[in-house]
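Open your viewer and get a cartoon view on the screen. We will take the tour one selection at a time.

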Amino acid sequence: MESNEGYANLCIASIFNSISRKYVSANYSLLTCIIFYSNLLVLWESTSSYIDLIWTFFEVVGLWCFVNWTQTKKNTWLFLTAVISGFA
């Protein structure tokens, strides 16, 4: 595994954890990370050097920014949604 993949895995897990901690308890938040990584496609992508996990990271962060914008209506979140989605 290359170092980029390790960082992508860690970033995706932290994003899933922080998103789900807004809505459920810490135990269920960890369960969402386990369910995501128990998917066979995610496990396979974690061992190969494709860009799909990094792309997934940017899509999930863009979605998280959009959800924050719908709750707060601050234009900063909408701007971040556009920028992060552009990276994806």
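Here is a walk from the whole chain down to single residues.

**Start with the whole chain.** Before you select anything, keep in mind that this is a predicted model. Colour by secondary structure, and the protein chain shows five helices and zero strands. Following the sequence from start to end, you pass through the pattern α-α-α-α-α. Now switch on a surface: the protein chain exposes about 6000 Å², and carbon and sulfur atoms supply 69% of that area. Of the 88 residues in the chain, 27% are buried. As for how the chain meets itself, take the contacts between residues at least 6 apart in sequence: 54% of them join residues at least 24 apart.

**Next, select the core.** Which residues make up the largest nonpolar core? Pick Ala8, Ile12, Ile15, Phe36, Tyr37, Val42, Leu53, Phe57, Val60, Val61, Cys65 and Ile84, and you have the twelve residues of this core. Colour helix H1 (3-21), helix H2 (26-37) and helix H4 (52-72), because these are the elements that give two or more residues each to the core, with helices being DSSP runs. Of these, H4 gives the most, with five residues. As background, nonpolar side chains in soluble globular proteins tend to be buried together.

**Zoom in on Leu53.** This is one of the core residues you just selected. Hide its neighbours within four places in sequence, and look at what remains in contact with Leu53: Ala8, Asn9, Ile12, Val42, Glu45 and Ser46. Among these partners, Ala8, Ile12 and Val42 also belong to the core.

**Now try the cysteines.** Select Cys11 and Cys33. Is each of them buried or partly exposed? Cys11 has a relative accessible area of 30%, so it is partly exposed. Cys33 has a relative accessibility of 10%, which is under the 20% cut-off, so Cys33 counts as buried. If you are wondering about disulfides, a search of the whole structure finds zero.

**Finish at Asn68.** Go back to helix H4, where Asn68 has its place. Asn68 has a relative accessibility of 6%, so this polar residue counts as buried. Show side chains here and look for Lys22: a polar contact of 2.2 Å joins the side chains of Asn68 and Lys22. With neighbours within four places in sequence left aside, what else is in contact with Asn68? Besides Lys22, you should find Lys73 and Trp77.

How values were computed: Residues numbered from 1 in each chain as written. Predicted model: local features only at pLDDT ≥ 70, side-chain atom pairs only at ≥ 80, totals over all residues. Heavy atoms only, no water. Core = buried A, V, L, I, M, F, W, Y, C linked by side-chain atoms within 4.5 Å. Buried < 20%, exposed > 50% of the residue type's maximum accessible area, 1.4 Å probe, protein only. Helix = DSSP H or I, 4+ residues; strand = E, 2+ residues; numbered from the N terminus. Contact = heavy atoms within 4.5 Å. Disulfide = S-S within 2.5 Å. Areas by Shrake-Rupley, 256 points an atom, 1.4 Å probe, with all protein chains shown as cover. Polar contact = N/O pair within 3.5 Å; in protein donor to acceptor, adjacent residues only side chain to side chain.
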